[in-house]
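Visitor: I am new to this structure and would like to learn how to read it. Where should we begin?

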Amino acid sequence: MTAKPSSSRVTLNSLREMKANGQKFAMLTAYDYPTAAIAQRAGVHVVLTGDTLGCVILGHENTRNVPLDLIITLTEAVRRGAPDIVLMGDMPCGAIEADLDTFVTAARRFRDEAGCDTVKFEAGDDGDQRVGRLVKAGISTVAHLGLRPQQVTSPDGYRAQARDAHAVAELAEQARRMADAGADMILLEAVPNEASLAVVDAVSVPVIGCGAGAAVDGHVVVTHDMLGIGDVRPPRFVPVLAQVGKVIEDAMRRYVQDIQSGAYPGAQHVYGMKKASAGAAG
Ligand code: KIV
């Protein structure tokens, strides 16, 4: 099923080149084959099989309950749909809270089983040590800083971070430590422009923003939020560019009505008998 990667494949190097040329890149979440294929056709540069699937796909209140086996399986499906762009896997909470060896084993599964180019994790105090272990194992990594949703357990906990000079300096220092340890990219979630500017100044690797203003090298949002699917109001930084949930709902409502009114199935939906059988029967 997987199409062969093409020679114009987007790689981590392409993202570095884009940064060097002042060109921004676009990243979206994808949790399944068809969405990944559409993203690739649309020119998206990076797909993330994010642990947001815990909320978006599984219906949990937070991202803490994502089984490793499940996210590996879905990430593999995303790779089948999008063989030519960068695929980023997302380490689930269980793997990050585990010991270092378990953490590295999980990251290896994203690379070897799911075909990821890089693996993101929410980096805490020991983040640089974890980056170092992944680098040693030859696994590319992205350090997720700023708002770290795996730490949030109540709906009012999703708050912007690094909103004063001291916190901005701390964030820039954290990012520098991650980059020095070998992180290939930094992802900043829910921080002001001033904070992303400080991080972009502090590191030479590409910086991805998820609600981090304009200073970053690339942007990511949750696809379901951007497409208007789901019943939770998306965060303010999400550009809601379609109302796909409404399109799906209208189509489903019409399906129900057509069945109940007898409009479905029409003649075009019904199999005919083979000619000979039809003759024999007649
Ligand atoms: O899991 C995810 O979708 C993410 C993005 C929101 C950055 O981490």
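Guide: Begin with a helix, bearing in mind that the model is predicted. In helix H9 (residues 193-202), the buried residues are Ala-195, Ser-196, Val-199 and Val-200.

Visitor: On which side of H9 do they lie?

Guide: The general idea comes first. Residues three or four places apart point the same way, because an α-helix has 3.6 residues a turn. In H9, the buried residues span an arc of only 135 degrees around the axis, so they are on the same side of the helix. Glu-194 and Asp-201 are exposed on the other side of H9.

Visitor: How should I read a salt bridge, and how many salt bridges are there?

Guide: Side chains of opposite charge can pair when their charged atoms come close. Here the count is 19 salt bridges. One of them joins Asp-128 to Arg-177, with the closest N and O atoms 3.2 Å apart. This pair links distant parts of the chain: Asp-128 is in helix H7 (residues 127-136) and Arg-177 in helix H8 (residues 165-181), 49 residues apart.

Visitor: How far apart along helix H8 are Arg-176 and Glu-173?

Guide: They are 3 residues apart, which means a separation of about one helical turn. Their side chains meet in a salt bridge, at 2.6 Å from N to O. Arg-176 is partly exposed, at 32% relative accessible area, and Glu-173 is partly exposed at 35%.

Visitor: Is Asp-258 buried or exposed?

Guide: Asp-258 has a relative accessible area of 19%, and buried means under 20%, so Asp-258 counts as buried. Its side chain meets that of Arg-254 in a salt bridge (3.1 Å, N to O). Arg-254 is exposed, at 52% relative accessibility. Both residues lie in helix H11, 4 residues apart.

Visitor: Which residues form the network of salt bridges?

Guide: Lys-246, Glu-249, Asp-250 and Arg-253 are linked in that network.

Visitor: What about aromatic rings: how many aromatic pairs does a search of the whole structure find?

Guide: The search finds 2 aromatic pairs. Phe-103 and Phe-121 make an edge-to-face pair, with 5.2 Å from centre to centre and 80 degrees between the planes. Phe-103 belongs to helix H6 (residues 100-112) and Phe-121 to strand S4 (residues 118-122). Phe-103 is buried, with a relative accessible area of 0%, and Phe-121 is buried at 1%. The Tyr-255 and Tyr-264 rings have planes at 55 degrees and centres 6.2 Å apart, so that pair is tilted.

Visitor: Which residue lies over the face of Phe-103?

Guide: Arg-130 does, at 4.6 Å from the ring centre.

Conventions
Residues numbered from 1 in each chain as written. Predicted model: local features only at pLDDT ≥ 70, side-chain atom pairs only at ≥ 80, totals over all residues. Heavy atoms only, no water. Phe/Tyr/Trp six-rings, centres within 6.5 Å; stacked < 30°, edge-to-face > 60°. Helix = DSSP H or I, 4+ residues; strand = E, 2+ residues; numbered from the N terminus. Buried < 20%, exposed > 50% of the residue type's maximum accessible area, 1.4 Å probe, protein only. Lys NZ or Arg CZ within 6 Å of the ring centre and 35° of its normal. Arc of directions from axis to C-beta. Salt bridge = Lys/Arg side-chain N within 4 Å of Asp/Glu carboxyl O.
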